Structures are given as C-alpha cells and as structure tokens.
Amino acid sequence: AGYVRKNDKAPYGTDETVAIIQWACSEMVRLYPGTVPVVVGNLSSEKGGRLRPHKSHRAGRDADLSYYFMDNAFVRRFIDATPETMDVEKTWTLVELLLSTHQVEYLFIDQSLQRQLYDEAARRGWTEEDLSELFEAPLGAHERRGVIRHAAGHRHHLHVRFKCDNSDDRCK
C-alpha cells in the first residue's frame with residue numbers, strides 16, 4: 001500500500017531496505033488517507049554490482065523515491081519537482097518516517113528543494129542544531145556534511161541510502 005513501481009529494471013533490495021520502504025509508504029497512507037502512492041524506482045539488480053547510470057545501487061541499500069506533488073497529483077514516473085509544485089508537507093513526512101528508523105545513511109535531494117523541507121522541519125519543531133547537522137544545503141552545497149545532501153540529478157526523485165545491517169559483515 002502507498003507505492004507503485006516505476007519499472008522492473010532493478011527491483012532488488014535487502015530485506016531491511018524493502019521493509020522500511022513498505023512501512024514508510026503504508027504509514028503515508030495511514031497519515032494521509034487518499035494520498036497518491038509514491039513511485040519507487042531503482043533499488044539494485046538481482047546480483048548487485050554496477051547499475052548504469054548510477055554510481056550506487058550496487059548492494060540493495062539504495063532506493064529512488066518520487067516526491068509528492070501539490071493537489072495530490074498522481075504520477076507514474078519521476079518528474080521534476082520545484083518549490084512550487086512539491087507537496088512539502090507530505091514529502092517531509094516521508095523523509096521524517098525514513099529518518100525515524102535510524103537506518104538512513106544519507107538522502108540525496110536537489111539543493112533547490114532543500115530550503116522548503118528545512119523550513120517545514122523547523123515549523124514542526126526540529127531545532128536549529130538538529131537541522132544544521134541534518135541538512136547540507138543551508139550550510140552550502142557540496143559540503144558533504146549532513147544526512148540530506150545535494151547531488152545532481154535528484155530534482156525528480158530523492159535517493160535514500162540505508163546503513164549496513166549489523167549482521168552483514170560484507171557490507172561496506
């Protein structure tokens with residue numbers, strides 16, 4: 001519930017990755033009855049390894065997810081979000097749900113969208129100290145600090161990288 005698959009090119013993820021995404025999407029439906037599903041794009045190929053054109057998506061711990069759009073607009077593929085078209089409330093809720101698992105290593109979100117998400121988080125009571133550790137963009141793009149970072153190509157979807165599971169001694 002709460003998601004649709006964009007394609008079947010790379011639908012393989014670790015059990016933990018898939019479970020977290022499914023949980024977060026079902027929570028979105030619970031919190032926002034009637035909301036459109038999020039689009040889930042690439043995770044990893046069946047046996048892992050290089051997945052062009054990505055630099056990551058090699059081990060089932062990466063996932064591409066769509067943003068939510070104003071007016072509950074349903075999309076079946078990734079489309080560019082802007083500060084005016086992105087549903088900031090829903091998108092930040094999804095981000096908060098993912099962060100609440102304490103399993104997110106980082107999120108790639110285009111810098112042009114981060115200010116609105118930052119402001120939404122502040123509105124919800126996140127402290128300035130927490131936000132300065134969480135967001136890269138208000139600190140300056142390409143600082144490689146914070147969980148939420150800018151990376152080219154992430155205006156039409158967010159990328160989440162999950163931490164290695166403690167039981168996986170081969171994970172890097």
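**Element order**

I read the order of elements from the N terminus as β-α-β-β-α-β-α-α-β-β. That gives 4 helices and 6 strands for the protein. The model is a predicted one, and I kept that in mind for each entry below.

**Whole chain**

I looked up the burial total next. Of the 172 residues in the protein, 46% are buried. I then took the contacts with a separation of 6 or more, and 71% of these join residues 24 or more positions apart.

**H1 against H2**

I turned to helix H1, residues 15–31, and helix H2, residues 88–100. Their axes lie 10 Å apart, at an angle of about 135 degrees. I therefore noted H1 as oblique to H2. For handedness, I have the crossing of H1 and H2 down as right-handed.

I listed the residues that meet. From H1 they are Ile20, Trp23, Ala24, Glu27, Met28 and Leu31. From H2 they are Lys90, Thr93, Leu94, Leu97, Leu98 and Ser100. By class, the residues of this contact of H1 with H2 come to 8 nonpolar, 2 polar and 2 charged.

**H2 against H3**

I kept H2 and moved on to H3. Here the axes are 10 Å apart and the angle is about 75 degrees. Because angles of 65 to 115 degrees count as roughly perpendicular, I put H2 down as roughly perpendicular to H3.

On the H2 side I found Val88, Glu89, Thr91 and Trp92 in this contact. On the H3 side I found Gln116, Leu117, Glu120 and Ala121. The residues of the contact of H2 with H3 divide into 4 nonpolar, 2 polar and 2 charged.

**Aromatic pairs**

Trp92 had come up in the contact with H3, and I followed its ring. I counted 4 aromatic pairs. One of them joins tryptophan 92 to tryptophan 126, with 5.7 Å centre to centre and 80 degrees between the planes, and I recorded it as edge-to-face. Tryptophan 92 sits in helix H2, whereas tryptophan 126 sits in the loop between helix H3 (111–123) and helix H4 (128–134). The two are 34 residues apart, and the pair links distant parts of the chain.

Are these two tryptophans buried or exposed? Tryptophan 92 has 0% relative accessibility, so I count it as buried. Tryptophan 126 has a relative accessible area of 26%, so I count it as partly exposed.

I then checked tryptophan 92 against phenylalanine 135. Their ring centres are 5.8 Å apart and their planes are at 20 degrees, so I entered this pair as stacked. Phenylalanine 135 is in the loop between H4 and strand S5 (148–149), 43 residues from tryptophan 92. Both tryptophan 92 and phenylalanine 135 are buried.

Which residues do the ring pairs link into a cluster? I have Trp92, Tyr118, Trp126 and Phe135.

**Glutamate 105**

My last lookup was glutamate 105, which lies in strand S4, residues 104–108. With a relative accessible area of 35%, I class glutamate 105 as partly exposed.

What does glutamate 105 contact, leaving aside its neighbours within four places in sequence? I wrote down Arg61, Val147, Arg161, Phe162 and Lys163. I also took one distance between C-alpha atoms: glutamate 105 and isoleucine 148 are separated by 9.2 Å, and they are 43 residues apart along the chain.

Methods: Residues numbered from 1 in each chain as written. Predicted model: local features only at pLDDT ≥ 70, side-chain atom pairs only at ≥ 80, totals over all residues. Heavy atoms only, no water. Axes fitted to C-alpha atoms, helices over the stretch in contact; angles between N-to-C directions. Parallel < 35°, antiparallel > 145°, perpendicular 65-115°, else oblique. Left-handed = near helix turned anticlockwise from the far one by under 90°. Contact = heavy atoms within 4.5 Å. Nonpolar A, V, L, I, M, F, W, Y, C, P; charged D, E, K, R; others polar. Phe/Tyr/Trp six-rings, centres within 6.5 Å; stacked < 30°, edge-to-face > 60°. Buried < 20%, exposed > 50% of the residue type's maximum accessible area, 1.4 Å probe, protein only.
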